[in-house]
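Reader: Hi there! Could you walk me through this structure, one question at a time?
Author: With pleasure. Let us look at it together.

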Amino acid sequence: MNISRTEKFIELISAPLPEELEAVREEAFRDGIPIIRPSVQGFLRFLMTYSGPERILEIGTAVGFSALLMKIFAPGASITTIENYEPRLKKARENFAAYDREKKITLLEGDAEKILPELKSNEYDFVFLDSAKGQYITFLPEIVRVLSPGGLLVSDNCLQDGDVIESRYAVRRRDRTIHDRMREYLNAISIHPELTSSILPMADGVTLSMKKTED
Ligand code: SAH
Ligand code: MG
C-alpha cells in the first residue's frame with residue numbers, strides 16, 4: 001500500500017481542521033517539520049473525544065501542532081509537552097502564545113530523558129510519544145510509571161516506513177541500531193505485564209496501549 005497516497009486521500013476526505021490549527025499545519029509543512037500525518041490526526045482527534053483525558057503528556061512537541069490539536073479536541077485537558085531543540089522551541093513558544101491563550105499547555109524545555117524522572121507517578125491519563133525513535137525503549141519504564149491505571153499510551157512512527165518488519169540484515173547498516181531498538185520497543189509494549197497493547201499499521205506505524213487497572 002502506498003502510504004502517502006492513502007494519507008492524501010484521508011486528508012482530503014477528513015473533516016477540515018479548525019482554522020488556527022490549519023495555519024500551524026501549513027507552516028510546519030512548509031518548514032519540513034515532521035508533524036503527525038492525517039490518519040494520526042484523525043486518530044488522536046477520536047481518542048480525545050472518546051476518552052476525554054484530563055492530564056496529557058506529550059514527548060516531542062516540535063512546533064506544537066499535535067499539542068494544539070489535542071488541546072482543541074480535549075478542551076478539559078491540561079497538557080504538558082517536552083521538546084529540546086531550540087529552533088523548534090522558539091516556534092512552539094510563538095504558536096502557544098498565539099493559539100493557547102488559556103494556557104492549557106505547559107512547555108517543558110529540555111531532554112525528555114532528564115525531565116521524565118522528575119514527573120509524578122500515575123499523573124497522566126494520556127501519553128503521546130513522538131520523539132526520537134531510538135529512545136522509545138529507554139523512555140518506556142518512566143512512561144509506564146507516570147501513566148495512571150486505565151490511561152492510554154500512543155506512540156508514533158513505530159514501523160519506520162516498513163523497515164521494522166524486515167530482517168535486520170535487509171536494512172542499511174546505519175539503520176540497524178534503530179531497527180533493533182524499535183523491535184525491542186514493540187516487543188516490550190506487547191508483553192509488558194502492566195500494559196495491553198495493539199500495533200496499528202497506520203501512517204508510519206502507531207501503537208495504542210492501556211495501563212491495566214488493578215481489578
Ligand atoms: N508531535 C509533533 C512532532 C514531533 S517531531 C507533532 O506532531 O506536531 C519529534 C520532536 O521530538 C522533534 O522536534 C525533536 O527535537 C524532539 N525530540 C527528540 N528527542 C527528544 C528528547 N530526547 N527530548 C525532547 N525532545 C526530543
Ligand atoms: Mg511522528
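Author: A definition to begin with: two strands pair if DSSP finds at least two bridges between them. Please also keep in mind that this is a predicted model.

Reader: Thanks! With that definition in hand, how many bridges do E5 and strand E7 share, and in which sense do they pair?
Author: Take the bridge partners as a way in: Leu-152 has Met-210 as its partner in E7, and Val-154 has Leu-208. E7 covers residues 206-211. E5 and E7 pair in the antiparallel sense, and the number of bridges is four.

Reader: What about the pairing of E4 and E5: parallel or antiparallel?
Author: One bridge here sets Phe-126 against Leu-152 in E5. Altogether E4 and E5 are joined over five bridges, and the sense is parallel.

Reader: Which helix does the chain pass through from E4 to E5, and what is the hand of that crossover?
Author: The path leaves E4, goes through H7 and arrives at E5. This makes a β-α-β crossover, and its hand is right-handed.

Reader: How many of the nine residues of E5 are buried?
Author: Buried stands for under 20% relative accessible area. By that cut-off E5 is mostly covered, and the buried count is seven of its nine residues.

Reader: On to the metal, then. Which residues are the protein donors of the magnesium ion (ligand 2)?
Author: The donors follow the spacing D-x25-D-N along the chain. The two aspartates come from distant parts of the chain, 26 residues apart: one is in the loop between strand E4 (124-129) and helix H7 (136-146), the other in the loop between strand E5 (147-155) and helix H8 (176-191). Donor atoms lie 2.1 to 2.2 Å from the ion, and the residues are Asp-130 (OD), Asp-156 (OD) and Asn-157 (OD1).

Reader: Are Asp-130 and Asp-156 buried or exposed?
Author: The test is relative accessible area, where under 20% counts as buried and over 50% as exposed. By this test, both Asp-130 and Asp-156 are buried.

Reader: Now ligand 1, which I would love to hear about. How much of its accessible area does the protein cover?
Author: Ligand 1 is surrounded by 21 residues, and the closest are Gly-60, Ser-66, Glu-83, Asp-111 and Asp-130. Among its polar contacts, an oxygen atom of the ligand is 2.9 Å from a polar backbone atom of Ile-36. On its own, ligand 1 has 590 Å² of accessible area, and the share covered by the protein is 92%.

Reader: Which residues lie 2.8 Å and 3.2 Å from a nitrogen atom of ligand 1?
Author: The 2.8 Å distance involves a backbone N or O atom, and that atom belongs to Gly-60. The 3.2 Å distance involves an N or O atom in a side chain, and that residue is Asn-84.

Reader: Let us turn to the backbone. What is the phi of Gln-160, and where is this residue?
Author: Most residues other than glycine have a negative phi. Gln-160 is placed in the loop between E5 and H8, and because its relative accessible area is 14%, Gln-160 counts as buried. Although Gln-160 is not a glycine, its phi is positive, at about 45 degrees.

Reader: Which residue in the hairpin of E6 and E7 takes a positive phi?
Author: Strands E6 and E7 run antiparallel and are joined by six bridges, with Thr-196 standing opposite Met-210 in E7. Five residues lie between the two strands of the hairpin. The residue with a positive phi near 50 degrees is Ala-203.

Reader: Why does Ala-203 count as buried?
Author: Ala-203 is found in the loop between strand E6 (195-200) and E7. The cut-off for buried is under 20%. Ala-203 counts as buried because its relative accessible area is 12%.

Reader: One last place: what are the relative accessible areas of Cys-158 and Gly-162?
Author: Cys-158 is in the loop between E5 and H8, and Gly-162 lies in the loop between E5 and H8 too. In space, the C-alpha atoms of Cys-158 and Met-202 are separated by 9.6 Å, with their positions 44 residues apart along the chain, while Gly-162 and Asp-204 are 7.6 Å apart, C-alpha to C-alpha. Cys-158 is buried at 0%, whereas Gly-162 is partly exposed at 26%.

Notes:
Residues numbered from 1 in each chain as written. Chains lettered and ligands numbered in written order. Predicted model: local features only at pLDDT ≥ 70, side-chain atom pairs only at ≥ 80, totals over all residues. Heavy atoms only, no water. Donors = N, O, S within 2.8 Å, 3.2 Å for Na, K, Ca; no water. Buried < 20%, exposed > 50% of the residue type's maximum accessible area, 1.4 Å probe, protein only. Right-handed = clockwise from strand over helix to strand, strands pointing away. Near = heavy atom within 4 Å. Polar contact = N/O pair within 3.5 Å; in protein donor to acceptor, adjacent residues only side chain to side chain. Areas by Shrake-Rupley, 256 points an atom, 1.4 Å probe, with all protein chains shown as cover.
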